[in-house]
Amino acid sequence: MSKSTIKVALIGNPNVGKTSVFNQLTGLNQQVGNYPGITVEKKQGASKLSDNVKAKIIDLPGTYSLNASSIDENVVIELLLNKKDEDFPDVAVVVTEVENLKRNLLLFTQIKDLEIPTILVINMADRMSLKGIEFDLPILERELKTKIALVSSRKKTGISELKSLILNYESLSTEPCLNASVIDPDYFNNLRRAFPNQLLYKLWLVITQDVNFLNLERNEIKNSFTKSHSDLKRLQQKETIKRYQFINDTLKIGQKIDASKATDLRAKLDRVLTHKVFGYLIFFGILMLIFQSIFDWSKIPMDFIDETFTSLSAYTKNHLPAGEFTNLLSEGIIPGISGIVIFIPQIAFLFLFISILEESGYMSRVVFLMDKIMRRFGLSGKSIVPLISGTACAIPAIMSARNIENWKERLITILVTPFTTCSARLPVYAILISLIIPEERVFGFLSLQGLTLMLLYLIGFGMAVLSATLLNYFLKLNCKSYFVIEMPSYKVPMFKNVALNVIEKTKAFVTGAGKIILALSIILWFLGSHGPTNNFKNADAIVLQELELSQNIASIEPELIENKISSYKLEHSYIGILGKAIEPAIRPLGYDWKIGIAVVSSFAAREVFVGTLATIYNVGNHSDEEVTIKNRMAAEINPVTGEKIFNFASGISLLLFYAFAMQCMSTIAIVKKETNSWKWPLIQFVFMSGFAYLTALIAYQILK
Amino acid sequence: MEKNLSNFKKGEKGYISEINVDEIPLKLLEMGCLPGNFIELIQIAPFGDPYYFNINDSHVAIRKETAKEIIVTLETTI
């Protein structure tokens with residue numbers, strides 16, 4: 001064997017189970033990253049082929065052909081055309097599936113034209129008898145000039161055969177399986193003569209595609225061989241017809257279908273799931289189930305996490321030697337980490353549901369059901385996926401808008417998605433609701449607090465739809481509207497795929513958002529426990545002196561004195577000074593300077609709100625008891641009026657502010673990347689935050 | 001008999017006879033929406049749009065405005 005590591009690229013159409021094959025080959029041995037400079041996910045893994053040879057496997061984004069129409073698909077072409085890329089494969093594994101083999105083979109014939117050693121995987125072999133399909137593998141291998149592995153990633157069969165084919169990749173044919181240049185012989189002969197050292201199909205891809213292509217001067221090719229867009233498309237059509245002719249001829253001799261044996265579950269399920277009444281009922285039922293799991297089921301692990309961290313913080317403070325480091329740990333880092341960990345249950349539930357819906361094939365039916373309705377608001381049926389995933393996190397949601405073909409619909413989707421109630425808002429909502437809404441039930445069973453939360457979700461969706469309508473009206477973009485969506489067959493989701501997906505997405509969120517939250521909580525702790533003036537340094541003496549002047553100090557409880565000192569300190573710390581400076585701007589909304597600090601730091605990420613208040617109050621509270629953040633908030637009193645700081649009016653005003661404001665740096669960054677300009681994230685930021693300020697102002701002034 | 005695809009009723013089938021290449025996305029061509037291929041309307045979404053087809057064994061949904069660009073020769077029922 002000449003190599004100890006074989007580089008393998010997994011290529012295939014969406015919905016063929018490519019990722020399942022990847023999971024079977026690599027097990028837990030995989031890493032997810034990004035391609036440099038773009039936000040396309042890069043999945044890699046290692047697979048042991050024999051005792052001394054392993055494979056490095058890259059799971060490339062799903063694509064229907066080598067004619068790219070999105071940045072995800074560009075990745076595939078850019079890799080396959082660039083022999084100098086460190087990931088350029090030794091062997092390409094094209095994954096197809098039993099039921100859609102005809103369409104899947106189109107991509108296969110294109111890959112073969114690149115003259116890379118290629119293996120054909122026919123996945124979902126367990127469905128063959130169900131569909132009455134049989135293959136003559138020797139004939140198919142001869143016609144397609146390849147080796148075939150018949151795999152069932154569900155039943156875990158065929159994987160070892162695939163591994164041995166990869167191991168022996170050097171014996172694979174690199175001959176194309178058809179000659180597509182017959183569609184315009186003159187044109188292609190000239191092209192061949194002009195660039196005798198280049199692969200003809202490669203040249204053709206460079207002419208028709210808009211991808212980065214390193215080793216060829218594309219201008220040179222373009223000038224002499226350029227054609228009008230319409231002519232090129234006609235040629236591409238001819239090319240596609242040619243390829244399908246070849247595929248049809250091949251399958252005629254290599255595949256047998258006994259239609260009478262086929263059971264059609266798809267038709268039966270479609271009839272119900274896309275029904276004009278039941279279809280919507282089922283969809284809303286599923287949505288209710290998802291929200292139920294976020295509100296209710298994740299409450300138990302979340303309360304547990306909250307209490308654990310509160311006692312951990314108290315424990316550290318009591319058992320470590322007193323000093324700066326202990327304070328940083330118990331008042332900065334532990335509450336900071338707690339603010340991240342507490343999200344895990346909700347995020348995991350959301351990604352669990354979303355990946356089940358996608359894996360099962362149901363999501364496409366929802367897109368189909370909702371397209372006409374969504375279009376009324378300038379959105380696409382495909383906007384449903386970002387809007388639902390937006391309830392977990394706007395970042396993956398905005399990235400999932402990529403498969404919306406129409407730019408205007410995609411742009412509007414990107415701009416309005418941050419209005420949906422993401423999980424970062426939940427802890428803010430949860431704590432505020434529990435402070436200002438009484439724990440009562442209407443009609444005996446509907447929790448008032450639950451209803452308020454539900455209402456906030458509806459406000460978020462409502463605002464998304466409303467602003468989409470406005471954008472649709474004002475945006476003057478003339479985009480050719482088209483919409484193509486595959487309706488995959490229904491499948492029972494595979495546990496391994498769903499589990500890996502949930503773990504990976506949750507991990508990405510926690511590490512991504514976690515870094516910001518942790519850094520901010522350390523900074524906030526520092527700013528809150530240090531001050532520039534002598535007032536801060538001599539806080540003890542000043543407070544004691546004041547108290548002595550006003551009354552008999554012996555009659556005051558020591559704890560109260562302690563509290564007075566710490567709040568005096570906080571007021572004169574860096575953060576206090578900063579908070580006081582912005583107070584005039586937020587006072588009309590009903591907030592004091594402590595809330596102001598929390599709101600301002602939330603512009604990095606919303607979930608920082610609770611953590612910031614936790615840090616601020618912890619800093620201001622030196623009693624060693626375990627006090628949960630909620631109790632501390634409820635006890636906050638306005639020193640001037642004697643009223644509670646978190647009352648109904650200021651609470652509602654805060655809720656509305658968080659519902660609408662664009663407070664997430666990562667979202668702004670992703671919008672910039674996806675729209676390729678600062679214009680859109682800026683407009684989004686100003687509009688959302690301005691609107692938030694205005695509604696919060698109005699709400700407080702009416703309610704106070 | 002030829003019929004515009006946007007006028008199809010649920011269950012109608014035939015073979016594609018003509019497409020307007022300029023108005024049809026390449027992706028749809030690649031899914032098999034090409035002259036000579038079989039097509040059947042499986043379902044129309046509530047409110048009359050989009051359409052859900054079996055095209056050349058691919059199951060695909062497209063909007064009515066795209067369907068307008070496709071002419072089909074109906075399969076003669078015997």
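Here are some questions and answers about this predicted model, covering a sheet, a helix pair and a domain contact.

Q: Which strands are the edge strands of the open sheet of seven strands?
A: Let's walk along the sheet, whose order is E12(A)-E5(B)-E4(B)-E3(B)-E2(B)-E6(B)-E1(B), with antiparallel pairing. An edge strand pairs on one side only. That description fits strand E12 (484-486) of chain A together with strand E1 (2-4) of chain B.

Q: By how many degrees are neighbouring strands of this sheet turned against each other on average?
A: The pairing throughout this open sheet is antiparallel, but the average here ignores direction. Taken that way, neighbouring strands are turned against each other by 40 degrees.

Q: Which residue in E6(B) stands opposite B:Glu2?
A: Start with the strands: E1(B) runs antiparallel to strand E6 (residues 70-74) of chain B, and three bridges join them. Within E6(B), the residue opposite B:Glu2 is B:Thr73.

Q: Why are H3(A) and H10(A) described as oblique rather than parallel to each other?
A: The axes of helix H3 (residues 101-113) and helix H10 (residues 229-254), both of chain A, come within 10 Å and cross at roughly 125 degrees. Roughly perpendicular covers 65 to 115 degrees and roughly antiparallel begins over 145, with the rest counted as oblique. The crossing angle falls in neither of those ranges, so H3(A) and H10(A) are oblique.

Q: How many residues of the contact of H3(A) with H10(A) are nonpolar?
A: H3(A) passes H10(A) in a right-handed crossing. On the H3(A) side are A:Leu101, A:Lys102, A:Leu105, A:Leu106 and A:Thr109, which meet A:Arg243, A:Tyr244, A:Phe246, A:Ile247 and A:Leu251 in H10(A). One residue of this contact is polar and two are charged, while the nonpolar ones number seven.

Q: Which helix gives the largest share of the side of domain 2 of chain A that touches domain 3 of chain A?
A: Domain 2 spans 278-422 + 444-474 and domain 3 spans 512-703, and their C-alpha centres lie 24 Å apart. Several helices of chain A each supply at least two residues of this side, among them helix H13 (299-319), helix H14 (324-341) and helix H21 (448-474). The largest share is 10 residues, and it comes from H14(A).

Q: How many residues on that side of domain 2 of chain A are charged?
A: In this contact, 29 residues of domain 2 of chain A meet 32 residues of domain 3 of chain A. On the domain 2 side, 18 residues are nonpolar and eight are polar. The charged residues there number three.

Note on methods. Residues numbered from 1 in each chain as written. Chains lettered and ligands numbered in written order. Predicted model: local features only at pLDDT ≥ 70, side-chain atom pairs only at ≥ 80, totals over all residues. Pairing = 2+ DSSP bridges. Helix = DSSP H or I, 4+ residues; strand = E, 2+ residues; numbered from the N terminus. Axes fitted to C-alpha atoms, helices over the stretch in contact; angles between N-to-C directions. Parallel < 35°, antiparallel > 145°, perpendicular 65-115°, else oblique. Left-handed = near helix turned anticlockwise from the far one by under 90°. Contact = placed C-beta atoms within 7 Å. Nonpolar A, V, L, I, M, F, W, Y, C, P; charged D, E, K, R; others polar. Domains from an automatic or database assignment.
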